[in-house]
Every structure is written in structure tokens, then in C-alpha cells.
Amino acid sequence: MTYQEKKSIITFLTTSTVTLVYFFYVFTVYHDGSEEALNDLQLWGKAILILIPVQVIAHILLHIIFAIVHKIATGEDLPSKPDERDKLIELKANRNSNNGWMFGFLFAMGALALGYGPFIMFVVMVSAGLFSGIVETLSTLYYYRRGI
Amino acid sequence: MGKTNIENNIRKLRFFKDEMTQKDLADRVGVTRQTIVAIEKGKYSPSLELAFRIAHVFEMPLEEIFKYQAEVPSKGEDQAP
């Protein structure tokens, strides 16, 4: 498995773990058990905005740790910068991921249209984000293994 | 995806060029070793610039390194309706 493939898996695992742990923390600490709290738009807005820097910091830390562990375990030098093939694979995987998230967004709007509350909408959108991460990782692995 | 229509003989040329390694070639043309592996296996078609850089390393014209295999149309495709 190449460095880029491992990095893609690490990125996905980091994103999904941080997202799940973060929202579990938010809704166990700040949720008072009422249904109103679940549909509190302000809480959701703050939670999602704060998630962004949390994800950034988690990614930076985990990628530094991964780079050090990879160097120690394999002895290989890390690629200095992505070459044209890496960039093309990243673009295609990103496109697939965006398409996946778009479907998730449409499902979220569908949930609203069917009369479900904002809680369901946000859960579907966060799930769509996780799903798009899976799509991106699988696409990256597929293109590296099978070619583009 | 998968195999491309462009064939190459980079592996053979590397061997005849003082048994150049994939890493050496990759460093000379500015890509990773994995990209050279993918090109040799036909899993990736290099850009025009990269193809020219590879040709420059081997000091040979492009068409002697890369060959395009046109797709053979399946039966019935080119027949008149």
C-alpha cells in the first residue's frame, strides 16, 4: 500500500472518529433531554462551526504522528509533493465525494419536505458528510489500485 | 479506468540505459516511483509534458517510447443500419 493510500485511510478515520466523538460530546453535555434541544438551530449552528477548527487541529496532529510513524516503520522518505497522478486521483476522488454529499443534502431536504424536524435534517447531513468521506477514500484506493 | 490504450516500452529502455531504476527515472522526470510503476503497467497515461520528459531522459523520439492502440470496433458497430 502506498503512502497516499494509507494517508487517505488515515484522513477518513480521523474525520469520522472526530465527528462522531465530537457530536456525542456536544449532545451529552449540552443536551438537556428535551426535544426542543434536539431541534435547537443555534446549538447545531455553533456545533458545526466549532467542528471545523476541531477537525483541522485533529488532522494536523494525526498527520504529523502518521508521518513520523510511517518514517520509522518503513524507513521511506515521504513524497515531497504530489505529482500529476496524485493530483488527478485527488481531483477525481473529490468529485465523487462531492457527488455523494450532494445526494445526502438532497435526502436532508427530502426529510424536511416530509415534515421531519431540523434534528433529522442535520443528522442526515452529518451522515452524508461521513458517507462522502467513505466514497472519497474508496475512490482513492480504487484509482491507485486499478488505474485512472 | 484500468488499462489505457497507450503502450510503452519504458521498462526495456530502463534496462538498456545502464539498468536505470524506477526511482532514478522518477527523480529525473519529477514524479514518484509509483507513477512510473503505473505508467509501465499501462494503468496511467502520462501527460504530454511528462511523456516528453521521459523521452528526453532516454534521448529518443516520443513515438518510439509510446504507442497508441486504437480500439478495434466490435462487430456491428461500423455496419450500416
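Two residues are taken to be in contact when heavy atoms of the pair lie within 4.5 Å. With that in hand, the predicted model can be read chain by chain, beginning with the fold of chain B. Residues 24 or more positions apart account for 58% of the contacts in chain B that have a separation of 6 or more. Chain B holds five helices and two strands, and along the sequence these elements run β-α-α-α-α-α-β. Of its 81 residues, 33% count as buried. The surface that chain B exposes comes to about 5600 Å², and carbon and sulfur atoms supply 52% of that area.

Chain A is built from helices: its secondary structure comprises five helices and zero strands, giving the pattern α-α-α-α-α from one end of the sequence to the other. Along the principal axes, the C-alpha atoms of chain A fill a box of roughly 55 × 30 × 20 Å. Among the contacts of chain A between residues at least 6 apart in sequence, 78% join residues at least 24 apart. Buried residues make up 35% of the 148 residues in chain A. Chain A exposes about 9100 Å², with 71% of this area supplied by carbon and sulfur atoms.

The meeting of the two chains comes next. On the side of chain B, 14 residues are in contact with 14 residues of chain A. The size of an interface is often given as the accessible area lost when the parts come together. For chain B and chain A, the buried area is about 1100 Å², and carbon and sulfur atoms give 52% of it. Helix α3 of chain B, spanning residues 33-40, contributes three residues, the largest share of the side of chain B that touches chain A. By residue class, that side of chain B divides into six nonpolar, seven polar and one charged. Across the interface, six residue pairs are found in polar contact, both partners at pLDDT 80 or more, while the rule finds zero salt bridges between chain B and chain A.

Salt bridges do occur elsewhere in the model. Side chains of opposite charge can pair when their charged atoms come close, and a search of the whole structure finds six salt bridges over all chains. One of them belongs to chain A, where A:Arg145 pairs with A:Glu5 and the closest N and O atoms are 2.9 Å apart. Because A:Arg145 lies in helix α5 (residues 118-146) and A:Glu5 in helix α1 (residues 3-29) of chain A, this pair ties together parts that are 140 residues apart in sequence. The surroundings of the two partners can be told apart by accessibility: A:Arg145 has a relative accessibility of 44% and so counts as partly exposed, whereas A:Glu5, at 2%, counts as buried.

In chain B, B:Glu40 forms a salt bridge with B:Arg14, and here the closest N and O atoms are 2.7 Å apart. The pair links distant parts of the chain, with B:Glu40 in helix α3 and B:Arg14 in helix α1 (residues 10-16) of chain B, 26 residues apart. B:Glu40 has a relative accessibility of 17% and therefore counts as buried; B:Arg14 is buried as well, with a relative accessible area of 8%.

A further salt bridge of chain B joins B:Glu59 to B:Lys17, with 3.6 Å between the closest N and O atoms. This pair, too, links distant parts of the chain, and its partners sit in loops: B:Glu59 lies between α4 (48-58) and α5 of chain B, and B:Lys17 between α1 and α2 (22-29), 42 residues apart. B:Glu59 is exposed, with a relative accessible area of 66%, while B:Lys17 is partly exposed at 25%. Salt bridges that share partners also join B:Arg11, B:Arg14 and B:Glu40 into one network.

Last comes a residue of the final helix of chain B. B:Glu64 lies in helix α5, which covers residues 62-65. Its relative accessibility is 41%, so B:Glu64 counts as partly exposed. The C-alpha atom of B:Glu64 is separated by 19 Å from that of B:Lys43, a residue 21 positions away along the chain.

How values were computed: Residues are numbered from 1 along each chain as its sequence is written. Chains are lettered from A and ligands numbered from 1 in the order in which they are written. This is a predicted model: local features need pLDDT of at least 70, side-chain atom pairs count only at pLDDT 80 or more; totals for chains, interfaces and linings use all residues. Side-chain values use heavy atoms; hydrogens and water are left out. Buried area is the accessible area (1.4 Å probe) that two parts lose on being put together, summed over both. A salt bridge is a side-chain nitrogen of Lys or Arg within 4 Å of a carboxyl oxygen of Asp or Glu. A polar contact is a pair of N or O atoms within 3.5 Å; within protein, one must be able to donate a hydrogen and the other to accept it, and residues adjacent in sequence count only if both atoms are side-chain atoms. Helices (H or I, at least four residues) and strands (E, at least two) are DSSP runs, numbered from the N terminus. Ala, Val, Leu, Ile, Met, Phe, Trp, Tyr, Cys and Pro count as nonpolar, Asp, Glu, Lys and Arg as charged, and the others, Gly among them, as polar. Buried means under 20% relative accessible area, exposed over 50%, partly exposed in between (1.4 Å probe, protein chains only). Accessible areas come from the Shrake-Rupley method with a 1.4 Å probe; for residues, only the protein chains shown count as cover.
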